[in-house]
Structures are given as structure tokens and as C-alpha cells.
Amino acid sequence: MKHPRHQIDPNDQIAQARYLIASCLSRSGFMMVPSDELSQLEKGLVGLTVNVSIPGMGEIQPLSFTGSLLELHQSMAPEEDVITCGELMLDCRRRKVSIDNVPLVLTPRELQLLTYLMRNRDEVLTRGQLLGGVWELGYRGDNRTVDTHIKCLRRKLGEYGRCIVTVRKVGYRFDSFVPR
């Protein structure tokens with residue numbers, strides 16, 4: 001039997017899920033609203049219903065959100081075509097990576113991982129965030145696959161591999177410092 005301290009109250013689990021979803025969507029300009037408000041949207045607004053499912057929790061009430069199409073569009077930052085860090089250059093459109101104009105050979109997954117890390121430079125990314133941003137939606141494997149891909153990526157990046165910093169017990173961060 002687990003120690004009571006490690007058990008999560010089912011009601012808290014639902015509240016945490018609702019809070020996390022609402023927080024993520026609020027960054028894009030969505031606001032949580034009562035579900036009946038979705039049928040009365042004004043022009044220029046968009047409505048969203050999110051069904052939350054937590055195994056073993058039974059039925060959970062859907063969450064309803066609304067947001068301005070203009071605000072949503074403005075919240076989407078344009079992605080950079082070319083991302084650099086010193087002599088490391090990642091051309092996102094052409095899907096090419098080079099260091100000091102010498103091309104690197106990366107697997108498609110390594111390229112996606114490097115792109116995700118460099119686009120989110122200086123931010124700590126959990127293994128779960130990396131899996132969600134790089135691997136397929138239905139990926140069911142071990143999240144330690146991220147560690148294996150990071151190891152291979154660091155090796156191929158040489159000196160620039162040090163830019164990928166391990167944040168112990170959390171995940172990884174791409175530091176923008178330039179190796180010497």
C-alpha cells in the first residue's frame with residue numbers, strides 16, 4: 001500500500017487538470033466561460049469545448065473557452081526560418097543544419113528535436129514537453145527516449161552539444177551561449 005502522502009485526491013486531480021488546461025489556453029487568449037455562452041458568440045470570437053478524460057475518474061464536465069480570433073492570431077509568433085547560435089545554423093525551411101558552413105547529418109527526429117530546443121532557447125523543457133512537441137501525438141513509448149536522442153544529438157553537434165543543458169530531474173534547456 002502506498003503511503004497516504006503520495007496518493008492524489010481524485011477531486012484534486014480533476015481540479016489540477018482543469019487548471020492546467022485553462023492556463024495553457026489562456027496564454028493564447030482563451031478565457032474559460034460557462035458552456036451556454038458558446039451558443040451566443042459575437043462576430044470575431046471563437047468557442048472551444050475541451051473534454052477531459054482521466055482514467056478511473058468517471059465523467060468529467062467539459063470545459064468551455066472563448067477567445068478573439070484577432071488575439072489568437074496575434075498570439076502566434078511567426079517562426080524563424082533560420083535560427084543561429086554562434087556558428088551553429090539551423091535552416092528550418094530547408095531542414096539543414098551546419099556548423100561553420102559545414103553541413104551536419106541529422107536524423108529527421110534529431111532535426112525536429114534541435115529545432116524545438118532552439119525555438120524555445122533558454123527555457124527549461126520537460127521530457128513530456130519534448131515528447132509532445134517532437135514525437136507523434138499517439139506515442140506510447142518511454143519518455144527516456146528523449147535522453148537517448150539528446151545524447152546522439154549532442155555527439156553530432158560537437159562543441160555545440162554543450163548548449164543542450166540537462167536540468168536534473170526536469171528535462172533540458174538550450175542555452176544560447178557560444179562555445180569556445
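Asp 91 sits in strand β5, which covers residues 88-91. In this predicted model, is Asp 91 buried or exposed? Asp 91 has a relative accessible area of 9%. The cut-off for buried is under 20%, so Asp 91 counts as buried. What does Asp 91 touch, once its neighbours within four places in sequence are left aside? Its contacts are Asp 81, Val 82 and Lys 96. Val 82 belongs to strand β4, residues 82-85. Lys 96 belongs to strand β6, residues 96-99.

Now step back to the whole protein. It has 180 residues, and 33% of them are buried. Its secondary structure amounts to five helices and 10 strands. Take the contacts with a separation of 6 or more. Residues 24 or more positions apart account for 51% of those contacts.

Start with the sheet made of β1, β2 and β3. This sheet is open, and its three strands come in the order β1-β3-β2. The pairing is antiparallel. Which strands stand at the edges? They are β1 (31-33) and β2 (45-50), and each of them pairs on one side only. On average, neighbouring strands here are turned by 35 degrees against each other, direction ignored.

Look at the pairings one by one. Three bridges link β1 to β3, the strand of residues 63-68. In this pairing, Met 32 stands opposite Phe 65. On the other side, six bridges join β2 to β3, again antiparallel. There, Gly 47 has Thr 66 as its bridge partner.

How many of the residues of β3 are buried? Six of the six are, so β3 is largely enclosed by the rest of the structure. A simple rule helps in reading this strand. In a regular strand, side chains alternate between the two faces of the sheet. In β3, Leu 63, Phe 65 and Gly 67 lie on one side. Ser 64, Thr 66 and Ser 68 lie on the other. Both sets are buried, and both faces of β3 are covered.

Next comes the sheet of β8, β9 and β10. It is also open, with three strands in the order β8-β10-β9 and antiparallel pairing. Here β8 (125-126) and β9 (164-167) are the edge strands. Each has a single partner strand, so one side of each is left without a neighbour in the sheet. Two bridges join β8 to β10, the strand of residues 171-174. One partnership to find is Thr 126 with Gly 171 in β10.

Helices pack around these strands. Helix α3, residues 108-119, lies across β8, β9 and β10. Its direction makes an angle of about 70 degrees with β10. Then turn to helix α4, residues 127-134. Which of its residues are buried? They are Arg 127, Leu 130, Leu 131 and Val 134. Seen down the axis of α4, these buried residues fall within an arc of 100 degrees, so they line one face of the helix. They pack against α3, β8, α5 (145-157) and β10.

These elements also meet in the largest nonpolar core. This core has 27 residues. Which of them touch the most other members? They are Leu 88, Leu 114, Leu 117 and Phe 174. At least two core residues come from each of β4, β5, β6, α3, α4, α5 and β10. The largest share, five residues, comes from α3.

Leu 117 is a good place to zoom in. Leave aside its neighbours within four places in sequence. Leu 117 is then in contact with Leu 125, Leu 130, Ile 150, Leu 153, Ile 164, Tyr 172 and Phe 174. Of these, Leu 130 is one of the buried residues of α4, and Phe 174 is another of the core residues that touch the most other members.

There is a second, separate core as well. It holds 12 residues, including Ile 14, Val 50, Ile 54 and Leu 63. Leu 63 is a residue already met on one side of β3.

Finish with the cysteines. How many disulfides does the structure hold? The count is zero. Cys 92 has a relative accessible area of 18%, so it is buried. Cys 152 has 23%, so it is partly exposed. The cut-off of 20% falls between these two values.

Conventions: Residues are numbered from 1 along each chain as its sequence is written. This is a predicted model: local features need pLDDT of at least 70, side-chain atom pairs count only at pLDDT 80 or more; totals for chains, interfaces and linings use all residues. Side-chain values use heavy atoms; hydrogens and water are left out. Two strands pair if DSSP finds at least two bridges between them. Helices (H or I, at least four residues) and strands (E, at least two) are DSSP runs, numbered from the N terminus. Contact means heavy atoms within 4.5 Å. Axes are lines fitted to C-alpha atoms, for helices over the stretch in contact, and angles run from 0 to 180 degrees between N-to-C directions. Buried means under 20% relative accessible area, exposed over 50%, partly exposed in between (1.4 Å probe, protein chains only). The arc is that of the directions from the helix axis to the C-beta atoms. A disulfide is a pair of cysteine sulfur atoms within 2.5 Å. A nonpolar core is a set of buried Ala, Val, Leu, Ile, Met, Phe, Trp, Tyr and Cys residues joined through side-chain atoms within 4.5 Å.
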